[in-house]
Amino acid sequence: MKKDEHNIDFNLFGDYELAGCYIEITSRCNLRCKHCYNESGELRKELDLQAFLNAYDGIPDTEECSITLSGGEPLLHPQVWEFIDRIQKRKSTKNLIITNATLITEDIAKRLVKSGINVQISLNGSCPTTHDKLCGKGNFEKTLCGMDKLLSLGYAERVVVRCMVSKYNMDDIVNTIKFVTDRGIKTINIATLSIMGRAKEALNEMYLSIQEKEKLIEKLNKDEEIKRIKEKGFIISLPEGYSGGCPLIYPNEKKIPLSPRIDSKGNVF
(Lines give C-alpha, C1' and ligand atoms only; values in the text may rest on other atoms or scores of the structure.)
Protein backbone atom coordinates (compact mmCIF):
# COMPACT_ATOMS: atom_id res chain seq x y z
CA MET A 1 0.00 0.00 0.00
CA LYS A 2 1.36 3.41 -0.96
CA LYS A 3 1.91 5.87 1.85
CA ASP A 4 -0.53 8.47 0.48
CA GLU A 5 -3.44 6.13 -0.25
CA HIS A 6 -5.20 6.83 3.03
CA ASN A 7 -3.90 10.32 3.75
CA ILE A 8 -6.68 12.55 5.05
CA ASP A 9 -6.95 16.00 3.46
CA PHE A 10 -8.54 18.20 6.09
CA ASN A 11 -8.41 21.26 3.81
CA LEU A 12 -11.50 20.17 1.86
CA PHE A 13 -14.12 21.32 4.35
CA GLY A 14 -15.68 24.26 2.45
CA ASP A 15 -17.85 26.09 5.00
CA TYR A 16 -16.07 24.34 7.84
CA GLU A 17 -12.71 24.92 9.47
CA LEU A 18 -10.53 22.48 11.35
CA ALA A 19 -10.27 23.55 14.98
CA GLY A 20 -8.19 20.52 15.94
CA CYS A 21 -7.90 16.77 15.63
CA TYR A 22 -8.44 14.17 18.36
CA ILE A 23 -6.40 11.02 17.78
CA GLU A 24 -6.89 7.87 19.87
CA ILE A 25 -3.52 6.20 19.41
CA THR A 26 -4.38 3.03 21.37
CA SER A 27 -7.37 1.21 22.83
CA ARG A 28 -5.21 -0.18 25.63
CA CYS A 29 -5.76 1.19 29.14
CA ASN A 30 -4.68 0.19 32.63
CA LEU A 31 -8.05 1.28 34.09
CA ARG A 32 -11.63 0.14 33.48
CA CYS A 33 -13.59 3.33 34.16
CA LYS A 34 -17.36 2.85 34.26
CA HIS A 35 -18.03 5.90 32.09
CA CYS A 36 -15.52 5.12 29.30
CA TYR A 37 -17.26 5.88 26.00
CA ASN A 38 -14.99 3.60 23.92
CA GLU A 39 -14.59 0.73 26.38
CA SER A 40 -10.83 1.14 26.68
CA GLY A 41 -9.00 -1.69 28.38
CA GLU A 42 -7.61 -4.72 26.58
CA LEU A 43 -5.55 -3.94 23.48
CA ARG A 44 -7.74 -4.28 20.40
CA LYS A 45 -5.97 -1.90 18.06
CA GLU A 46 -3.43 0.90 18.10
CA LEU A 47 -2.01 3.22 15.47
CA ASP A 48 1.54 2.62 14.32
CA LEU A 49 3.74 5.53 13.28
CA GLN A 50 2.83 5.27 9.59
CA ALA A 51 -0.92 5.28 10.28
CA PHE A 52 -0.43 8.25 12.60
CA LEU A 53 1.53 10.12 9.92
CA ASN A 54 -1.16 9.43 7.30
CA ALA A 55 -3.54 11.56 9.39
CA TYR A 56 -0.90 13.95 10.73
CA ASP A 57 0.36 14.98 7.30
CA GLY A 58 -3.10 16.18 6.26
CA ILE A 59 -3.71 18.41 9.30
CA PRO A 60 -3.01 22.12 8.64
CA ASP A 61 0.02 23.36 10.58
CA THR A 62 -1.44 26.52 12.12
CA GLU A 63 -1.51 28.08 15.58
CA GLU A 64 -5.28 27.51 15.77
CA CYS A 65 -5.25 23.84 14.77
CA SER A 66 -4.07 21.61 17.61
CA ILE A 67 -3.67 17.85 17.96
CA THR A 68 -4.88 15.87 20.96
CA LEU A 69 -3.40 12.44 21.76
CA SER A 70 -5.76 10.13 23.60
CA GLY A 71 -6.57 6.47 24.06
CA GLY A 72 -7.09 4.27 25.95
CA GLU A 73 -4.17 5.46 27.97
CA PRO A 74 -1.73 7.02 25.46
CA LEU A 75 1.28 6.59 27.78
CA LEU A 76 0.97 2.84 27.16
CA HIS A 77 1.68 3.25 23.45
CA PRO A 78 5.30 2.18 22.69
CA GLN A 79 5.75 5.10 20.25
CA VAL A 80 4.02 7.81 22.27
CA TRP A 81 7.20 9.90 22.62
CA GLU A 82 7.70 9.87 18.84
CA PHE A 83 4.12 11.12 18.43
CA ILE A 84 4.65 13.85 21.03
CA ASP A 85 7.88 14.90 19.37
CA ARG A 86 6.11 15.18 16.01
CA ILE A 87 3.18 17.29 17.17
CA GLN A 88 5.36 19.56 19.32
CA LYS A 89 7.19 20.66 16.17
CA ARG A 90 3.96 22.23 14.95
CA LYS A 91 3.00 25.90 15.28
CA SER A 92 0.16 25.32 17.73
CA THR A 93 0.91 25.68 21.45
CA LYS A 94 -2.41 24.00 22.29
CA ASN A 95 -1.40 20.38 21.60
CA LEU A 96 -2.59 18.06 24.33
CA ILE A 97 -2.18 14.57 25.72
CA ILE A 98 -5.06 13.08 27.75
CA THR A 99 -4.06 10.74 30.56
CA ASN A 100 -5.40 9.24 33.77
CA ALA A 101 -1.98 10.18 35.27
CA THR A 102 -1.65 6.89 37.19
CA LEU A 103 1.44 5.95 35.13
CA ILE A 104 3.26 9.26 35.52
CA THR A 105 6.57 8.53 37.23
CA GLU A 106 9.22 11.15 37.94
CA ASP A 107 10.94 10.26 34.67
CA ILE A 108 7.72 10.49 32.63
CA ALA A 109 6.84 13.79 34.32
CA LYS A 110 10.23 15.23 33.35
CA ARG A 111 9.82 14.06 29.74
CA LEU A 112 6.36 15.61 29.50
CA VAL A 113 7.64 18.89 30.92
CA LYS A 114 10.62 18.87 28.57
CA SER A 115 8.30 18.32 25.58
CA GLY A 116 6.15 21.32 26.54
CA ILE A 117 2.91 19.52 25.68
CA ASN A 118 -0.26 20.37 27.59
CA VAL A 119 -1.46 17.53 29.82
CA GLN A 120 -5.14 16.87 30.49
CA ILE A 121 -5.74 14.73 33.56
CA SER A 122 -9.02 12.94 34.26
CA LEU A 123 -10.06 13.54 37.87
CA ASN A 124 -13.67 12.86 38.80
CA GLY A 125 -13.89 13.94 42.40
CA SER A 126 -12.17 15.64 45.31
CA CYS A 127 -11.70 12.37 47.21
CA PRO A 128 -11.55 8.58 46.69
CA THR A 129 -15.24 8.21 47.59
CA THR A 130 -16.36 9.93 44.38
CA HIS A 131 -13.48 9.42 41.92
CA ASP A 132 -12.98 5.73 42.62
CA LYS A 133 -16.67 4.92 42.04
CA LEU A 134 -16.03 5.70 38.38
CA CYS A 135 -12.38 4.75 38.00
CA GLY A 136 -11.77 1.89 40.43
CA LYS A 137 -10.54 1.52 43.99
CA GLY A 138 -7.21 3.15 44.77
CA ASN A 139 -7.00 5.16 41.56
CA PHE A 140 -7.73 8.55 43.11
CA GLU A 141 -4.45 8.37 45.01
CA LYS A 142 -2.56 7.08 41.95
CA THR A 143 -3.92 9.89 39.76
CA LEU A 144 -3.12 12.45 42.44
CA CYS A 145 0.42 11.11 42.76
CA GLY A 146 1.03 11.44 39.01
CA MET A 147 -0.50 14.90 38.87
CA ASP A 148 1.58 16.11 41.81
CA LYS A 149 4.77 14.96 40.08
CA LEU A 150 3.99 17.39 37.25
CA LEU A 151 3.03 20.17 39.66
CA SER A 152 6.27 19.72 41.62
CA LEU A 153 8.13 20.58 38.41
CA GLY A 154 6.26 23.88 38.11
CA TYR A 155 4.01 22.66 35.30
CA ALA A 156 0.64 23.81 36.67
CA GLU A 157 0.11 26.28 33.80
CA ARG A 158 0.18 23.40 31.30
CA VAL A 159 -2.05 21.01 33.26
CA VAL A 160 -5.79 20.84 32.60
CA VAL A 161 -8.16 18.79 34.73
CA ARG A 162 -11.31 17.32 33.22
CA CYS A 163 -14.07 16.11 35.51
CA MET A 164 -16.94 14.00 34.19
CA VAL A 165 -20.26 14.69 35.92
CA SER A 166 -22.42 11.75 36.96
CA LYS A 167 -24.83 10.91 39.75
CA TYR A 168 -21.82 9.65 41.69
CA ASN A 169 -20.10 13.02 41.93
CA MET A 170 -22.70 15.70 41.13
CA ASP A 171 -22.66 16.91 44.75
CA ASP A 172 -18.85 17.00 44.79
CA ILE A 173 -18.25 19.28 41.77
CA VAL A 174 -17.67 22.51 43.71
CA ASN A 175 -15.31 20.69 46.10
CA THR A 176 -13.47 19.20 43.11
CA ILE A 177 -13.04 22.62 41.50
CA LYS A 178 -11.71 24.04 44.76
CA PHE A 179 -9.44 21.01 45.30
CA VAL A 180 -7.89 21.40 41.84
CA THR A 181 -7.50 25.18 41.86
CA ASP A 182 -6.01 25.10 45.37
CA ARG A 183 -3.17 23.06 43.83
CA GLY A 184 -2.47 25.89 41.38
CA ILE A 185 -4.04 24.32 38.27
CA LYS A 186 -5.53 27.16 36.25
CA THR A 187 -7.96 25.29 33.99
CA ILE A 188 -10.67 22.78 34.85
CA ASN A 189 -13.31 21.46 32.46
CA ILE A 190 -16.55 20.03 33.80
CA ALA A 191 -18.12 17.72 31.22
CA THR A 192 -21.13 15.44 30.94
CA LEU A 193 -21.32 11.74 30.10
CA SER A 194 -21.49 10.34 26.58
CA ILE A 195 -24.01 7.50 26.37
CA MET A 196 -21.61 5.12 24.67
CA GLY A 197 -19.37 2.17 25.53
CA ARG A 198 -19.28 1.12 29.18
CA ALA A 199 -21.35 4.15 30.19
CA LYS A 200 -24.41 2.37 28.76
CA GLU A 201 -23.90 -0.57 31.12
CA ALA A 202 -24.39 1.56 34.24
CA LEU A 203 -26.71 4.19 32.78
CA ASN A 204 -29.30 4.12 35.57
CA GLU A 205 -26.58 4.46 38.20
CA MET A 206 -24.72 7.33 36.56
CA TYR A 207 -26.65 9.29 33.98
CA LEU A 208 -28.33 12.61 34.76
CA SER A 209 -31.60 13.36 33.00
CA ILE A 210 -31.85 16.54 30.94
CA GLN A 211 -33.79 18.14 33.80
CA GLU A 212 -31.20 17.11 36.40
CA LYS A 213 -28.39 18.31 34.16
CA GLU A 214 -30.02 21.71 33.55
CA LYS A 215 -30.67 22.15 37.26
CA LEU A 216 -27.05 21.31 38.12
CA ILE A 217 -25.65 23.68 35.46
CA GLU A 218 -27.85 26.49 36.77
CA LYS A 219 -26.70 25.78 40.33
CA LEU A 220 -23.01 25.77 39.34
CA ASN A 221 -23.35 28.99 37.35
CA LYS A 222 -24.80 30.72 40.41
CA ASP A 223 -22.36 29.24 42.94
CA GLU A 224 -20.52 32.00 44.82
CA GLU A 225 -17.42 29.88 45.45
CA ILE A 226 -17.02 29.22 41.72
CA LYS A 227 -17.53 32.92 40.97
CA ARG A 228 -14.77 33.85 43.44
CA ILE A 229 -12.38 31.32 41.92
CA LYS A 230 -13.08 32.66 38.40
CA GLU A 231 -12.41 36.22 39.61
CA LYS A 232 -8.90 35.09 40.58
CA GLY A 233 -8.18 34.23 36.93
CA PHE A 234 -8.93 30.50 36.94
CA ILE A 235 -10.67 29.09 33.85
CA ILE A 236 -13.64 26.93 34.77
CA SER A 237 -15.54 25.46 31.83
CA LEU A 238 -19.04 24.29 32.74
CA PRO A 239 -21.40 22.27 30.53
CA GLU A 240 -23.72 24.36 28.40
CA GLY A 241 -27.47 23.99 28.62
CA TYR A 242 -29.55 23.10 25.58
CA SER A 243 -29.68 26.10 23.21
CA GLY A 244 -31.90 24.69 20.47
CA GLY A 245 -29.55 26.15 17.87
CA CYS A 246 -27.55 24.28 15.26
CA PRO A 247 -25.00 26.01 13.01
CA LEU A 248 -26.05 23.76 10.11
CA ILE A 249 -29.67 24.95 10.37
CA TYR A 250 -28.99 28.51 11.52
CA PRO A 251 -25.81 29.45 9.66
CA ASN A 252 -23.80 32.61 10.16
CA GLU A 253 -20.87 34.23 8.42
CA LYS A 254 -18.27 32.32 10.43
CA LYS A 255 -17.06 28.91 9.37
CA ILE A 256 -18.25 25.99 11.47
CA PRO A 257 -15.37 24.61 13.60
CA LEU A 258 -14.88 20.85 13.43
CA SER A 259 -12.65 18.61 15.53
CA PRO A 260 -12.59 15.14 13.94
CA ARG A 261 -11.89 12.09 16.10
CA ILE A 262 -9.68 9.34 14.72
CA ASP A 263 -9.94 6.09 16.66
CA SER A 264 -7.25 3.47 17.14
CA LYS A 265 -8.54 1.53 14.10
CA GLY A 266 -8.10 4.57 11.87
CA ASN A 267 -11.81 5.37 11.61
CA VAL A 268 -12.65 9.07 11.34
CA PHE A 269 -15.65 10.53 13.16
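## Helix H5 and the aromatic contacts

In this predicted model, the accessible surface of the protein chain comes to about 14300 Å², and carbon and sulfur atoms contribute 50% of that area. The protein chain has 269 residues, 47% of which count as buried. Its secondary structure comprises 9 helices and 10 strands. Among contacts with a separation of 6 or more, 74% join residues 24 or more positions apart.

Helix H5 spans residues 139–151, a run of 13 residues. From first to last C-alpha, H5 reaches 18 Å, close to the 18 Å expected at 1.5 Å a residue. Its buried residues are Asn-139, Phe-140, Thr-143, Leu-144, Gly-146, Met-147, Leu-150 and Leu-151. These residues lie on the same side of H5 because they cover an arc of only 165 degrees around the axis. Their cover includes helices H3 (106–115), H4 (128–135) and H6 (173–181), together with strands E5 (118–122) and E6 (159–165).

The structure holds 3 aromatic pairs. In one of them, the ring centres of Phe-140 and Phe-179 are 6.0 Å apart and the planes stand at 45 degrees, so the pair is tilted. This pair links distant parts of the chain, since Phe-140 belongs to helix H5 and Phe-179 to helix H6, 39 residues apart. Both Phe-140 and Phe-179 are buried. Elsewhere, one aromatic cluster is formed by Phe-52, Tyr-56 and Phe-83.

Arginine residues also lie over aromatic faces, as tabulated here.

| Arginine | Ring beneath | Distance from ring centre |
|---|---|---|
| Arg-90 | Tyr-56 | 5.4 Å |
| Arg-111 | Trp-81 | 4.3 Å |

Tyr-56 thus belongs to the aromatic cluster and has Arg-90 over its face.

Methods:
Residues numbered from 1 in each chain as written. Predicted model: local features only at pLDDT ≥ 70, side-chain atom pairs only at ≥ 80, totals over all residues. Heavy atoms only, no water. Helix = DSSP H or I, 4+ residues; strand = E, 2+ residues; numbered from the N terminus. Buried < 20%, exposed > 50% of the residue type's maximum accessible area, 1.4 Å probe, protein only. Contact = heavy atoms within 4.5 Å. Areas by Shrake-Rupley, 256 points an atom, 1.4 Å probe, with all protein chains shown as cover. Expected span 1.5 Å × (residues − 1). Arc of directions from axis to C-beta. Phe/Tyr/Trp six-rings, centres within 6.5 Å; stacked < 30°, edge-to-face > 60°. Lys NZ or Arg CZ within 6 Å of the ring centre and 35° of its normal.
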